Amino acid sequence: MSASSSSVVDTTGWVYAGELAELDDDVPVTVDVDGDPVCLVRRGGGVRALLDICSHQDYPLSQGEVTGDSIECCVHGACFDLTTGAALSLPATEPVPVFPVQVREGKVYVTSPETG
Ligand code: FES
């Protein structure tokens, strides 16, 4: 699953990020959406999207593991809330940005945190 900086942006600013059917529950993947690395996590029929950069030392969160409602960075073990991006455990103390997500007709769209 991938989207590139040349991804289709619809008239309301939502960027196509891939197909829902290509995501497995609780298995994070990274996509490039308009130049931003975005970590997508499917949760049933919905999807969470966070900036794919750990706020501790910039490692990709998509390499981590989903446990419950959080994702754990595989480098030093900081956990982040999948819905809010809040840092739940040390060594991270800062949140990661969360991207609004829409699933329409089996397609996943994200938009920037500023415009969602
Ligand atoms: S780089 Fe993620 S916890 Fe350190």
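The following paragraphs describe the strands, nonpolar cores and selected side chains of this structure, which is a predicted model.

A good place to start is the open sheet built from three strands in the order β1-β9-β8, with antiparallel pairing. Its edge strands are β1 (15-19) and β8 (101-104), each of which pairs on one side only. Neighbouring strands here are turned against each other by 30° on average, direction ignored. Four bridges link β1 and β9 in the antiparallel sense, and within this pairing G18 has V108 of β9 as its bridge partner. As background for the pairings described here, strands of a sheet pair through backbone hydrogen bonds, in either a parallel or an antiparallel arrangement.

A second open sheet also holds three strands, this time in the order β5-β6-β7, and its pairing is antiparallel. The edges are occupied by β5 (65-67) and β7 (79-81); each has a single partner strand, so one side of each is left without a neighbour in the sheet. The twist from one strand to the next averages 30°. Strand β6, residues 70-72, is joined to β7 by three bridges, and the two run antiparallel. For anyone following along in the structure, S70 can be located opposite its bridge partner in β7, D81.

Strands β3 (residues 36-43) and β4 (residues 46-51) provide a further antiparallel pairing, held over six bridges. Here V38 is matched with L51 of β4 as its bridge partner. The two strands form a hairpin with two residues between them, and in this hairpin G44 adopts a positive phi near 65°.

Several of these strands come together again in the packing of nonpolar side chains. The largest nonpolar core has 14 residues, and the members that touch the most others are A17, V33, V38, L40, V108 and V110. Two or more residues are given to this core by each of β1, β2 (29-33), β3, β4 and β9. Strand β4 makes the largest contribution, with three residues. The surroundings of V33 illustrate the packing: leaving aside neighbours within four places in sequence, V33 is in contact with V15, A17, V38 and V110. Apart from this core lies another, of 13 residues, which includes L61, I71, A78 and L82. V38 and V108 thus appear twice in this account, as bridge partners of L51 and G18, respectively, and as members of the largest core.

Just beyond the strands, T111 offers a helpful landmark in the segment after β9 (107-110). This threonine is buried, with a relative accessible area of 5%. The side chain of T111 reaches the backbone oxygen of G13 at 3.2 Å, which places a polar contact at this buried position.

The cysteines deserve a separate look. Zero disulfides are found in a search of the whole structure. Why does C74 form no bond with the closest cysteine sulfur? The closest cysteine sulfur to that of C74 belongs to C73 and lies 5.4 Å away, too far for a bond; the cut-off for a disulfide is a pair of sulfur atoms within 2.5 Å. Is C74 buried or partly exposed? With 44% relative accessibility, C74 counts as partly exposed. C39, by contrast, has 0% relative accessibility and therefore counts as buried, given that the limit for that class is under 20%.

How values were computed: Residues are numbered from 1 along each chain as its sequence is written. This is a predicted model: local features need pLDDT of at least 70, side-chain atom pairs count only at pLDDT 80 or more; totals for chains, interfaces and linings use all residues. Side-chain values use heavy atoms; hydrogens and water are left out. Buried means under 20% relative accessible area, exposed over 50%, partly exposed in between (1.4 Å probe, protein chains only). A polar contact is a pair of N or O atoms within 3.5 Å; within protein, one must be able to donate a hydrogen and the other to accept it, and residues adjacent in sequence count only if both atoms are side-chain atoms. Two strands pair if DSSP finds at least two bridges between them. Axes are lines fitted to C-alpha atoms, for helices over the stretch in contact, and angles run from 0 to 180 degrees between N-to-C directions. A nonpolar core is a set of buried Ala, Val, Leu, Ile, Met, Phe, Trp, Tyr and Cys residues joined through side-chain atoms within 4.5 Å. Contact means heavy atoms within 4.5 Å.
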